[in-house]
Structures are given as C-alpha cells and as structure tokens.
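Load the model in your viewer and keep the selection panel open. The tour goes from the inside outwards, one selection at a time.

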Amino acid sequence: MQNLYYEVGSLDKRCYEEFALTEDILMEHAASSILDFIENKFEQNSSVLIVCGMGNNGADGIALGRLLHKKFDVKLYIPFELKSQMAQLQYKRAGLLGVKVVEELSQSDVIVDCLFGSGLTRDLDTNIQNIIEKLNSYDSYKIACDIPTGIDFKGEVTTTAFYANTTITMGALKVSLYSDMAKDYVGEIFVANLGVQREVYENDTSVYLLDKEDLKLPLRDKKDSHKGTFGHLNVVAGSKKGAAVIAAKAAFGFGAGLVSVICHECVDLPYHIMQTHKLSSNCTAIAIGMGLGIYEKKEIEEILQTNLPIIIDADLFYEDIIKVVLNKEVVLTPHPKEFCALLKICDIADIDVKQLQKDRFKYIKQFSTKYPKVVVLLKGANVLISQNQSIYVNSFGSAVLSKGGSGDVLSGLVASLLAQGYKPLDAAISASLAHAMAAQNYRKNNYSLIPSDLVEEVKKL
C-alpha cells in the first residue's frame with residue numbers, strides 16, 4: 001500500500017529545512033517528471049499546449065515548456081498575470097530561450113493543465129470554467145499537473161474540471177485525488193519525484209492507498225485439513241431471501257468450508273449450501289442485514305450479542321438495534337445512503353448523501369473516532385475502509401459493479417474470510433480488493449454483470 005496525504009506543503013517544507021533542497025530544485029524535478037512522461041509517450045515534434053496559472057502550478061508548466069523547447073512544438077498559454085516569484089522567474093528563463101507564448105487556445109497533440117494545484121480552495125470563476133470546457137472539447141491527450149483543475153483540496157468538483165487521461169501529482173499521492181467525484185477526471189495517476197525518493201520525501205500518515213499486492217487470498221496450504229478447518233459461516237436470511245443466497249454462494253466460492261443460511265421458511269439453495277433455523281453450534285462467523293426487511297427483534301438481538309465475528313450490511317443501518325455491536329470489532333459495509341442513516345442513529349451527523357459525498361473522508365473518520373473497534377467499509381467509486389484512526393482506499397472499483405446483488409457478493413466475501421479466521425480489518429481489505437479485481441477481470445459488456453458472474457471471477461483470482 002502507498003501513503004496518502006491531505007496536504008503536502010509540510011512535506012515540501014521539510015525538504016527545504018532538512019535536506020537543503022530549494023523550491024527551485026523541487027520545481028525542476030516536477031517539470032522533469034512530466035518531460036519524461038511526454039518524451040516516452042509521444043513522438044518528437046508533437047505539438048504540446050501548456051496552460052499555465054498565476055502561481056507555482058503555472059511555474060511548473062512554464063519550466064516544462066522550457067525543457068520541451070526545440071524537441072517538441074511547445075506553446076505556452078498564460079491567461080493571467082503571473083503572481084508567484086517562481087512563476088515570474090520561470091517565465092523569464094523561458095523567454096530568454098524563445099519559448100513560444102500564444103494568445104489563444106488551440107488543438108494540440110498534448111495538452112498539459114497547469115492552472116491550479118491541489119491547494120484549490122475556491123470555486124472557479126466563469127473565465128476559468130470557459131477555458132476548462134474548451135480544453136475538454138479538444139481531441140488531445142490530456143495531462144494534469146498535480147491535480148486536474150477544478151478539483152479542490154477535498155476532492156470536490158463544484159463547477160467543472162479538466163478531464164485528464166493522466167495526472168502526474170507532485171511528490172506524493174493526495175487524498176483529494178481519490179474522492180468519488182474526482183474519479184472521472186484524474187485518469188491514470190503517477191507520482192513525480194521532486195529530488196528525493198518517496199520514502200525520504202514522505203512521512204507518517206494515517207491514510208493509505210491499497211495496491212493489488214495487498215490482497216491476501218485464502219489459499220489452502222495445510223494438507224491435514226477438513227471442511228471444518230476453513231470455518232462455518234451462518235448467513236441470516238430475511239424477507240428478501242435472494243440477498244442472503246447470493247452472499248452464501250459468494251462465501252462458499254471464496255473458501256468457507258461450510259455455509260448455512262438461517263431461515264424459518266424453506267429457501268431454494270444449491271445442494272452445497274445448508275439451511276438451519278438457528279445459529280449453528282460450530283458457527284465461526286455471521287453475516288446479517290442483507291435483505292433482512294421485517295425481523296423479530298429479540299432473535300436478531302441474540303444473534304448480534306454473540307462473541308462471533310460479524311459482518312452487518314443493508315437494512316440494519318436504519319435500526320437502533322445496531323448500537324448493540326458498536327463496541328465490538330465488527331465489520332459494517334454500508335453504501336452512502338445507509339451510512340448517512342448510521343451517522344444519524346449514532347448522533348454523529350444528520351446529513352444527506354450529497355453532503356456525505358462532498359467529504360467522505362471526514363465523516364468516516366468521525367465515525368471511526370467514536371467507534372474505534374468497528375471496521376467500516378464505505379462503498380463508492382473509491383471504497384473507504386476505516387478502523388480507529390486509519391483509512392484505506394480501494395480505487396480499483398468500476399461501473400461494472402453498479403448492479404443489484406454486487407453488494408451482497410461483497411458481504412459474502414468478507415463473511416467468508418471472517419469465518420476462516422481473518423481479522424476484521426484484513427477481511428474487509430482483502431474481500432474488497434477481490435471484489436473489485438474480479439469485476440475488472442470480467443470480459444463481457446460492462447453493463448451485463450450478474451452476481452454469479454462476479455463469484456465466478458472471484459474463483460479465478
């Protein structure tokens with residue numbers, strides 16, 4: 001996994017104070033990183049339009065223009081008076097070399113957005129919006145320097161934003177690049193080296209970006225084993241029984257040795273999934289909430305009060321009874337609307353989905369501060385997994401998963417790992433990665449996935 005930061009100004013400052021690296025040195029390395037990308041991807045003499053702002057992000061762009069000069073057909077577009085000293089200095093250097101400055105935007109092979117960096121704290125004015133919309137209309141390869149213009153320091157897009165094919169962010173990864181709103185704009189993300197390796201530039205953080213290598217599959221390396229060795233999951237079925245059946249099938253396909261569905265009515269189950277009317281004596285984990293609907297409070301309360309690992313999903317996030325488990329190391333897997341209901345029940349915040357989506361990191365952190373034992377997996381374009389003060393981001397999700405039943409598969413995957421002995425946080429992380437990577441591996445039309453397809457792809461990981 002990689003480190004994520006809410007801001008990197010303090011990391012730059014460390015470079016100045018502890019390593020004697022100047023602002024100029026960091027800027028040269030920033031520009032060189034984008035230069036390397038362009039040189040490796042595009043043929044010599046390709047046209048490159050660099051759109052520069054008035055501050056240091058614009059200075060990065062002007063420095064890039066100087067480095068590209070003569071090898072590429074470079075044009076600088078600078079729509080504002082330059083304000084920062086570094087921007088003025090870089091402009092002077094570019095001018096002495098004869099780098100071309102243009103008065104109008106135009107189609108180019110490559111467009112580099114250097115208008116604003118990750119510190120944007122205000123809405124874009126009409127003039128800037130018009131520039132961004134025109135740039136977006138061009139059929140060019142688009143690169144954002146640090147972060148696409150229009151995405152603010154929290155990852156929110158309030159007006160419009162630059163659609164980048166690639167974002168080359170400076171020094172370290174920023175939290176703002178991984179908001180749900182930012183996902184359609186950032187493209188592929190790379191980190192620019194600013195003069196020292198990342199392990200030197202970066203310091204401690206509590207937010208992390210998950211890599212594919214963080215997936216720990218439940219591979220079986222013990223030969224002296226039997227079905228009970230790999231746990232017995234109980235899935236509680238409610239009024240919408242299909243959700244529990246989907247979760248049960250996913251759990252069995254992800255390694256649970258035994259899976260039983262708890263239901264008082266007969267359920268049409270595959271032969272390898274058992275049915276029971278009460279908690280199994282050898283149960284090692286419980287999945288509850290998916291499709292639960294109307295329920296018998298006393299029975300559900302007894303299940304929740306067991307000391308077994310539990311994953312809770314869906315309907316229970318709207319019920320006060322969920323408070324019974326919030327002092328335990330349970331896994332909760334809400335989507336945004338359910339998380340808003342949970343925040344209200346827990347007297348943390350009374351907000352709607354729109355407000356939550358503007359600042360997902362803030363609200364999941366507030367919940368985890370109040371309930372540090374609980375593992376929360378907040379679904380979204382980028383999944384957030386939180387426990388205590390740590391937040392983990394799974395950015396591998398896609399629109400393929402925007403189908404009914406996908407969440408039930410995820411619940412089954414988490415539950416399966418809990419039943420097999422994974423710690424709750426590890427179960428949430430690995431199940432979430434498996435879920436997203438299985439969807440990425442799905443090769444049919446991206447609108448066509450059904451839960452059984454997803455389970456089949458999980459089996460191939």
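What volume does the largest cavity have? About 40 Å³. Bear in mind throughout that this is a predicted model.

**Stop 1: the cavity**

Select K154, S179, Q357, K358, D359, R360 and F361, which line the largest cavity. Two elements each give two or more residues to this lining: helix 11 (353–358) and helix 12 (360–370). Colour the lining by class. You should get one nonpolar, two polar and four charged residues. With a threshold of 30 Å³ or more, the count is one cavity.

**Stop 2: the largest pocket**

Now go to the largest pocket, which holds about 680 Å³ of space. Its lining has 33 residues, and H335, K379, L401, S406 and G407 are the closest to the centre. Select those five and centre the view on them. Then show the elements that give two or more residues to the lining: helix 10 (336–345), helix 13 (406–419) and helix 14 (424–441). Which element provides the largest share of this lining? Helix 13 does, with four residues. Recolour by class once more. The lining of the largest pocket splits into 12 nonpolar, 13 polar and eight charged residues.

**Stop 3: the second largest pocket**

Clear the selection and pick V8, D12, D60, D146 and M170. These lie nearest the centre of the second largest pocket, which has 23 lining residues. The volume of the second largest pocket is about 440 Å³. Add helix 1 (9–19), helix 2 (23–41) and helix 3 (56–68) to the display; each gives two or more residues to the lining. Helix 2 gives the most, with four residues. By class, the lining of the second largest pocket has 10 nonpolar, seven polar and six charged residues.

**Stop 4: two backbone outliers to inspect**

Stay with helix 2 and move on to the loop between helix 2 and strand 2 (47–52), where N45 is found. Check the backbone torsions here. N45 is not a glycine, yet has a positive phi of about 75 degrees. Is N45 buried or exposed? N45 counts as exposed because its relative accessibility is 54%, and the cut-off for exposed is over 50%.

Next, select K70. K70 belongs to the loop between helix 3 and strand 3 (73–77). Its phi is also worth reading off: K70 has a positive value of about 85 degrees and is not a glycine. At a relative accessible area of 68%, K70 is exposed.

**Stop 5: the whole chain**

Zoom out and show the cartoon. How many helices and strands does the protein chain have? The secondary structure comes to 15 helices and 19 strands. Switch to the C-alpha trace, which spans about 80 × 45 × 40 Å along its principal axes.

Colour by relative accessibility next. Of the 461 residues in the protein chain, 57% are buried. Then turn on the surface. The accessible surface of the protein chain comes to about 20300 Å², and carbon and sulfur atoms account for 49% of it.

Finish with a contact map, if your viewer draws one. Take the contacts in the protein chain between residues at least 6 apart in sequence: 69% of them join residues at least 24 apart.

How values were computed
Residues numbered from 1 in each chain as written. Predicted model: local features only at pLDDT ≥ 70, side-chain atom pairs only at ≥ 80, totals over all residues. Heavy atoms only, no water. 1 Å grid on protein atoms, 1.4 Å probe; cavity = no way out; pocket = protein on both sides within 12 Å on 5 of 7 lines; lining within 4 Å. Points joined across faces, edges and corners; volume = space filled by probe spheres on them. Nonpolar A, V, L, I, M, F, W, Y, C, P; charged D, E, K, R; others polar. Buried < 20%, exposed > 50% of the residue type's maximum accessible area, 1.4 Å probe, protein only. Contact = heavy atoms within 4.5 Å. Areas by Shrake-Rupley, 256 points an atom, 1.4 Å probe, with all protein chains shown as cover.
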